[in-house]
Amino acid sequence: MQTQTIKTSPELQKEGLEIGKRIQFVAWVIIGMTVTVGTFASQSLLEGDWSFWIDWKDRRYFPILGVISYMLMLVSVQSACWIKARLPMGMTLCAVGINLWQWFERYINWWGWFSYPMNELFPETVIPCAIAADCVLLLSKKLLLTYLFGAYAFALTFYPANWVMIAPFHQPIEALGQTLSIADYIGFSYVRSAIPEYLRMIESGTLRTFEGGALGPAIFFSGVVGIAIYAIFWWIGDQFTRNRWVKKI
C-alpha cells in the first residue's frame, strides 16, 4: 500500500525527475572533464611542444603527432555517440569543445600570466578533420569503411586545415645575419629554457629519402597509424558505453 502511494505521488515523481536531471548534469560534467583531461594528457605525452610553439609546427612531425594525439579521445567520443544515439557528430562536437578550451587556457595562462604572444602558441584546429571523419561515418554507416577512410580523411585534412594559420610564419626572412623563418625568429625572441631543441632551421626538404618532400610521407604515415588507432579507440569507446554503470548517457 505504501509502495503504491509512493509510485502514484506526483510530488515524489517530480522530485525524482529533478534528482535525475541533476545526476545527468553531474555525469555530463564528469564526462566532459574526463575527455578534456584525456586529450591534454595524450597531447602532452605524444605531441608535446609540436602543439605549443609556432616554430615547432613543421612538416615532418607536426602532421604525424598531431593526428595521433587528437585521434585517441575523439574516436572514443565518436564511438560513444554513434553506439548510444546514432549521432554521427560526436567527434565534431568534441573537437569544438577541446579547441575552445585550448584557446581559453593558453590565452589565460600563457598570455595573461607569462606574456607569451598568442602568435607563438596558438593551438592547432582539428574541427575540419573531425567533420571529415564524421561525414565518412554518416555516409557509410560501416565501421570498416570508417576505420579505413575516416582515419585517412582525418589525417589528410589536418595539415591543410592548419596551413592557413601557420603559412605566414613559414616565410623566410633575413635576421641576425642568417636566413630563417618568421617562426624561428619568434622562437629566438622568446627563449624557452626548458626546451632542449628550440633552434630550428627552416625545414624544406629535410626528409631527403623522399626527394625532399617530407609532408606527403608524413601524412601517409599518420593515416596508416591512424587506422589502427581508430579501431582500438573505437573499441574502447564501445566498451565504456556498454558498461553497466553507464547505461544511459
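This report describes the fold of a predicted protein model, its confidence, and the surroundings of selected residues.

Residues are numbered from 1 along each chain as its sequence is written. In this predicted model, local features need a pLDDT of at least 70 and side-chain atom pairs count only at pLDDT 80 or more, while totals for chains, interfaces and linings use all residues; side-chain values use heavy atoms, with hydrogens and water left out.

**Overall architecture**

The protein contains nine helices and two strands, where helices (H or I, at least four residues) and strands (E, at least two) are DSSP runs numbered from the N terminus. Along the sequence these elements follow the pattern α-α-α-α-α-α-α-β-β-α-α. Of the 249 residues, 42% are buried; buried means under 20% relative accessible area, exposed over 50%, and partly exposed in between (1.4 Å probe, protein chains only). Among contacts with a separation of 6 or more, 69% are between residues 24 or more positions apart, a contact being heavy atoms within 4.5 Å. The protein exposes about 14500 Å², of which carbon and sulfur atoms supply 69%; the areas come from the Shrake-Rupley method with a 1.4 Å probe, and for residues only the protein chains shown count as cover.

**Confidence**

The mean pLDDT of the protein is 80, and 86% of the residues score at least 70; pLDDT is the predictor's confidence in each residue, from 0 to 100. Among the elements, helix 1 (residues 2-8) has the lowest mean, 56, and helix 6 (residues 127-140) the highest, 93.

**Helix 7**

Helix 7 (residues 143-166) has 24 residues and reaches 33 Å from its first C-alpha to its last, close to the 34 Å expected (1.5 Å times one less than the number of residues). A kink of about 30° lies at T157, shortly before the proline P160; the bend is the angle between axes fitted to the seven residues ending at a residue and the seven starting there.

**Two buried serines**

S79 lies in helix 3 (residues 62-85) and is buried at 0% relative accessibility. Leaving aside neighbours within four places in sequence, S79 is in contact with W234, G237 and D238. S181 belongs to strand 2 (residues 178-181) and is buried, with a relative accessible area of 6%.

The table lists polar contacts of these serines, a polar contact being a pair of N or O atoms within 3.5 Å; within protein, one must be able to donate a hydrogen and the other to accept it, and residues adjacent in sequence count only if both atoms are side-chain atoms.

| Serine side chain | Partner | Distance |
|---|---|---|
| S79 | W234, backbone oxygen | 3.0 Å |
| S79 | D238, backbone nitrogen | 3.2 Å |
| S181 | D184, side chain | 2.9 Å |
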